[in-house]
Every structure is written in C-alpha cells, then in structure tokens.
Amino acid sequence: MIVTLRSDADPEAVRRALVERGLWVRALRSERGVSFWLEPSSASVDPVMLRGIEGVDAVAAPDPGHPRVDAQSPVVDVGGVRIGSGMPPVLMAGPCSIESEAQVRRIAERLAPAGAQFLRGGAFKPRTSPYSFQGHGEQALSWMRRAADATGLRVVTEVMSAEDVGAVAEHADLLQIGSRNMHNYSLLKAVGAAGRPVLLKRGMAATVEEWLASGEYLLVHGAESVIFCERGVRGFDPATRNLLDLGTVALLSRVHGLPVVVDPSHGCGRRDLVAPLARAALAAGAAGVMVETHDAPGEALSDGPQAIEPEAIPTLLEGSPR
Ligand code: PEP
Ligand code: MN
C-alpha cells in the first residue's frame with residue numbers, strides 16, 4: 001500500500017502514527033513531497049482507518065491479484081468434513097506411497113479408529129530420482145478408494161499430470177497438487193476444471209503471493225475450493241529435511257482467513273519431530289495436519305524415516321485448544 005500525504009502534513013508525525021499501528025514503512029521522496037510505502041510484512045490495516053490519520057491524503061492498495069482466493073470462505077466442506085477456522089482439527093494420514101492393496105487396507109483399518117478423517121497416499125509419486133519407486137498409478141487409486149470406503153475415510157491423493165485428472169477425480173475426495181507442481185500452471189488449470197476441492201501444497205521455494213496466485217489459478221478454472229498445505233520450504237540447513245514455515249501458517253489462517261493444513265512429515269523428515277511440529281502447527285492456526293504413517297517403516301518404499309505408527313496420530317492433537 002502507498003500512503004500519500006497532504007502538502008501541509010507533518011511527515012514525521014504520520015510516520016509515527018503508522019509505526020504505532022504495526023506498519024513497516026519506507027519513505028518515498030519525490031518532487032511532490034513524501035509518501036510512505038507500507039511493507040507487505042506489516043500488520044493488516046483498514047485503508048479507511050489509514051485515511052483518518054491526520055495529514056494522510058490518500059491510500060492506494062494495489063490489486064491483490066487473487067480475488068477469488070481472498071473471497072473464499074475460511075471453512076470449506078470436503079466429503080462432509082468441514083475444514084477451517086473454528087472447526088475441530090482434521091487429520092489426514094496414510095503412507096507416503098500406496099504399495100499394495102493389502103498395505104493400504106491394513107493402514108486404513110488402523111487409522112480410522114485412531115481418529116483420521118482422510119486417507120492419504122501417493123499413487124503417482126513425484127520422486128526426485130527417476131530410479132526411485134514411481135508409484136503404482138491408476139490401480140493404486142482403486143486400492144485406496146476401496147480401503148477408504150471400507151473404513152469410512154475420505155481420500156486425498158496427488159495428481160501429477162493433466163492426463164490423470166479424470167482418474168484421480170473419480171477416486172479422490174480431495175485432489176492434491178504436490179510441492180513440485182505448485183508452479184505447473186497447465187496442471188493447475190486441468191485440476192481446477194475438475195470442479196473439485198483441491199489441497200495445494202506450497203512450492204518448496206514459493207513466496208506466499210506465488211502460492212496464493214496458484215490457488216487463484218485453481219479457483220478461476222473451476223475448483224470448488226482450495227485448502228493450502230504448508231510442507232516446509234527449502235532452508236539453508238540440512239539438519240531438518242525442510243524448514244517448516246509456521247509463521248506463514250499463522251499469516252494465512254489468522255490474517256488471510258484461509259483454510260490451511262500442515263504436513264510436518266515432509267516439513268522435518270524425522271518421525272520423532274512430527275508430533276511436536278503438528279501441535280505447533282495447530283497452535284499457529286492450522287485447520288489440520290497431514291502426516292505419513294506406515295505399519296512397517298523399515299520396509300517402506302518411500303519416506304520410511306518420517307513415517308509414524310497409525311496409532312500415534314491422536315498424540316498430534318494433544319493440547320490442541322479445539
Ligand atoms: C506427498 O505428500 O506425497 C508429497 C510428495 O509431498 P510434497 O509434494 O510436499 O513433497
Ligand atoms: Mn512422502
């Protein structure tokens with residue numbers, strides 16, 4: 001936002017008034033005098049209130065570029081589960097990869113009584129190495145759907161390419177866009193066109209504005225709703241797999257009023273840190289968590305070191321205020 005001043009204003013008094021309201025300001029000087037640029041990291045303020053400050057002439061707010069995201073309800077319904085602010089935290093859990101029909105069934109049978117609402121799992125896997133297990137594809141979608149139907153769970157799974165949107169939409173309640181595809185605009189258009197709720201993971205080096213713009217792509221092309229999922233950004237320190245950005249979770253949830261869930265499994269890469277980070281995420285304002293669970297992590301075809309036991313998922317909610 002840019003705040004311009006009247007010619008008779010005292011710029012220092014206006015600057016103080018802005019800083020008092022939690023705004024980070026940068027003075028812009030021109031032949032027309034001083035105006036102030038409000039940094040995006042500032043507190044949120046009502047332009048009408050800013051116009052009321054003595055000496056302020058006008059407040060210009062740039063077009064946010066994501067009007068549909070801004071207008072989205074803070075609570076969305078996916079398969080009868082309401083997800084968002086003020087709702088009980090939602091638990092999405094399951095293996096990194098769907099490895100066999102028996103595996104997903106065994107895990108679902110342990111997750112449902114533990115309190116999960118969504119079964120997660122990759123049928124199409126975005127692996128960094130082409131030599132790693134790539135997923136069982138379409139047949140894994142049916143295995144997952146059957147396991148979910150037998151246990152009363154909903155399905156969330158990733159769609160990696162436009163040609164698979166139909167099959168994934170047929171089997172899943174919630175279509176997941178993975179971190180590596182957040183910037184894949186042709187995929188976002190194709191997934192949006194399915195007219196279904198979407199879980200949009202944050203790109204591993206995406207700014208909040210880029211993430212919101214990807215959400216806008218989905219909504220403008222027809223997605224029913226978008227749930228944002230923070231899964232850690234690329235940090236400078238390999239001590240944890242990624243850098244779980246809970247500041248942004250608080251910002252999206254509490255300032256933007258958007259449904260956001262957190263994936264602490266990919267966020268830290270270690271099973272011993274999953275529960276504390278899940279609790280921190282809920283305290284920050286997350287509407288739920290997505291975690292990887294496995295019944296034999298040592299045998300997992302992908303991401304075994306971060307998988308927790310299905311029975312451990314209630315511990316993720318310990319101390320949750322909701
Ligand atoms: C996943 O959730 O299966 C996954 C691959 O995560 P991400 O896209 O966050 O790496
Ligand atoms: Mn994984």
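So, let's start where two helices touch. From H4, the residues Glu 101, Val 104, Arg 105, Ala 108, Glu 109 and Ala 112 meet a set in H5 made up of Trp 143, Met 144, Arg 146, Ala 147, Ala 150 and Thr 151. Please keep in mind, everyone, that this is a predicted model.

How do these helices sit against each other? The axes of H4 and helix H5, which covers residues 138-151, are 9 Å apart, and the packing angle is about 30°. Angles under 35 degrees count as roughly parallel, so H4 is roughly parallel to H5. The crossing of H4 past H5 is right-handed.

Now, H4 also helps us find our way to the metal. Which residues hold the manganese ion, ligand 2? Its protein donors are Cys 96 through SG, His 266 through NE2, Glu 292 through OE and Asp 303 through OD, at 2.0 to 2.4 Å from the ion. If you like to scan for this in the sequence, the spacing of the donor residues reads C-x169-H-x25-E-x10-D. Look at Cys 96 and Asp 303: this pair links distant parts of the chain, 207 residues apart. Cys 96 belongs to the loop between strand E7 (90-94) and helix H4 (101-114), while Asp 303 is in the segment after strand E14 (288-292). Buried or exposed, those two? Both Cys 96 and Asp 303 are buried.

Let's move on to the aromatic rings. The count here is two aromatic pairs.

Take Tyr 185 and Tyr 217 to begin with. Their ring centres are 4.6 Å apart and their planes are at 25°, so this pair is stacked. Tyr 185 is in helix H7, residues 185-192, and Tyr 217 is in helix H8, residues 208-220, so the pair ties together parts 32 residues apart in sequence. As for accessibility, Tyr 185 is partly exposed, at a relative accessible area of 34%, and Tyr 217 is partly exposed too, at 28%.

The other pair is Trp 211 with Phe 228. Here the ring centres are 5.5 Å apart and the planes are at 85°, so the arrangement is edge-to-face. H8 comes up again, as that is where Trp 211 lies, and Phe 228 is in strand E12, residues 225-230. These two residues are 17 apart and again link distant parts of the chain. Unlike the partly exposed Tyr 185 and Tyr 217, both Trp 211 and Phe 228 are buried.

That's my tour, thanks for listening!

Note on methods: Residues are numbered from 1 along each chain as its sequence is written. Chains are lettered from A and ligands numbered from 1 in the order in which they are written. This is a predicted model: local features need pLDDT of at least 70, side-chain atom pairs count only at pLDDT 80 or more; totals for chains, interfaces and linings use all residues. Side-chain values use heavy atoms; hydrogens and water are left out. Donors are N, O and S atoms within 2.8 Å of the metal (3.2 Å for Na, K and Ca); water is not among the atoms, so sites may look incomplete. Helices (H or I, at least four residues) and strands (E, at least two) are DSSP runs, numbered from the N terminus. Buried means under 20% relative accessible area, exposed over 50%, partly exposed in between (1.4 Å probe, protein chains only). Rings of Phe, Tyr and Trp (its six-membered ring) pair if their centres lie within 6.5 Å; planes under 30 degrees apart count as stacked, over 60 as edge-to-face and the rest as tilted. Axes are lines fitted to C-alpha atoms, for helices over the stretch in contact, and angles run from 0 to 180 degrees between N-to-C directions. Angles under 35 degrees count as roughly parallel, over 145 as roughly antiparallel, 65 to 115 as roughly perpendicular and the rest as oblique. A crossing is left-handed if the near helix is turned anticlockwise from the far one by less than a right angle, and right-handed if clockwise. Contact means heavy atoms within 4.5 Å.
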